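Open the structure in your viewer and keep the selection tool at hand. At each stop, select what is named before reading on.

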Amino acid sequence: MAQFVDWDLAVATAGALGKSGPRVSYSEATEVVADLRRLTDEAAGHVAGYTGLTSQVAHPPVRVVDRRDWAATNVAGLREVITPLVGRLTKDKQPGALAEAVGSRVTGVQTGTVLAYLSGRVLGQYEVFSGEPGQLLLVAPNVVEVERKLGADPRDFRLWVCLHEVTHRTQFTAVPWMRGYFLGEVQAFVDAAQGGEQLLDRLRRSVGTLADVVRNPQSRASVLDIVQTPGQRAVLDRLTALMTLLEGHAEFVMDGVGPQVIPSVERIRAGFNRRREAGNPVEKAVRRLIGIDVKMRQYAEGRKFVHAVVERVGMAGFNRVFESPLTLPRLAELSEPDAWVARVHGPVGPVPDAG
């Protein structure tokens, strides 16, 4: 089978280019790992109690990883998804040995460059590609680095991060169809392309585009340059709506639970928002890269949607969003939550006056 990416080279590149630090002793590192594992379990109870969602499938315990392990895990996940797609698109036709070697190595370096950069920014992730039902990753060096920069109480900041990431795990394990739906949409995006070999060329260009954006924050490149069919645009709209919902829901849960269990949550939120608004390069790069910076504000817009729906129909009413793919919000409904309520719940009476 043709190799689209030299995966081993991607892992090696990510490890070589990844940032170092922060300085911690062995005993401090051991304490951070134990603390994150304990706080993940604590956060799970808070999230379940607040959202009314409970896991329906068994899931592995949290993995507390360093930057290199985070990158390697994501390479493994991408490999599981991309390799069979490439085989299907090329009908397992082998390119020339030189063309395959050069192309896969270039893409391997580009992939590793991107993951090296992201590995220094990501605090946590619910990784869904490498196996059912997914796995929760917390990147310990980044958690420590950010809490120090913010001057935050370590216990409070770590629990705050865990609330966000455990909410993502809950979304995928309390809603057993979620992972299959997400992967199905990724498949649909590929299926909507025109021409297997042309698609592979565009995929390679998209990886190169992302690597260029990572290297050059002033780049105006967009992966929408490779989205050429109406079918692909429709899938992108659905994926955008889904990710905005999931990010907004996690932010809403953090803000709902935080004041009850994290004494310094207001200070943490204020500091983190300043950090984000000052120019989180990952978020800015991704938004610019996929060309939807104007219409998608994942955190703010998603949180606003969830808040409006919960205010209108309560938490149980909001949770109907997870009944099936048909009850997920459409992209336009994210800015018109009443439209989602009307479609899913039908006519709803006026909200009682708080007074």
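Begin by selecting helix α13, which runs over residues 337-345, and show the side chains of Pro337, Trp340, Val341 and Val344, which are the buried residues of this helix. These four lie on the same side of α13, because they cover an arc of only 100° around its axis. The spacing fits a general rule: an α-helix has 3.6 residues a turn, so residues three or four places apart point the same way. Just after α13, select glycine 346, whose phi is positive, near 80°. Bear in mind throughout that this is a predicted model.

Next, select the three strands of the open sheet, which are arranged in the order β1-β3-β2 with mixed pairing. At the edges you will find β1 (63-65) and β2 (124-127), each of which pairs on one side only. On average, and ignoring direction, neighbouring strands of this sheet are turned by 25° against each other.

Now keep β2 in view together with β3, residues 135-139, since these two strands pair in the antiparallel sense over four bridges. To see one bridge, select glycine 124 and then its partner in β3, leucine 138. From there, move to helix α5, residues 140-150, which packs on the sheet and touches β1 and β3, with its direction making about 45° with that of β3.

Finally, colour the protein chain by pLDDT, whose mean is 83, with 75% of the residues reaching 70 or more. Then select residues 290-296, where the pLDDT is below 50, although in the model this stretch has 17 contacts beyond near neighbours in sequence.

Conventions
Residues are numbered from 1 along each chain as its sequence is written. Side-chain values use heavy atoms; hydrogens and water are left out. Buried means under 20% relative accessible area, exposed over 50%, partly exposed in between (1.4 Å probe, protein chains only). The arc is that of the directions from the helix axis to the C-beta atoms. Two strands pair if DSSP finds at least two bridges between them. Axes are lines fitted to C-alpha atoms, for helices over the stretch in contact, and angles run from 0 to 180 degrees between N-to-C directions. Contact means heavy atoms within 4.5 Å. pLDDT is the predictor's confidence in each residue, from 0 to 100.
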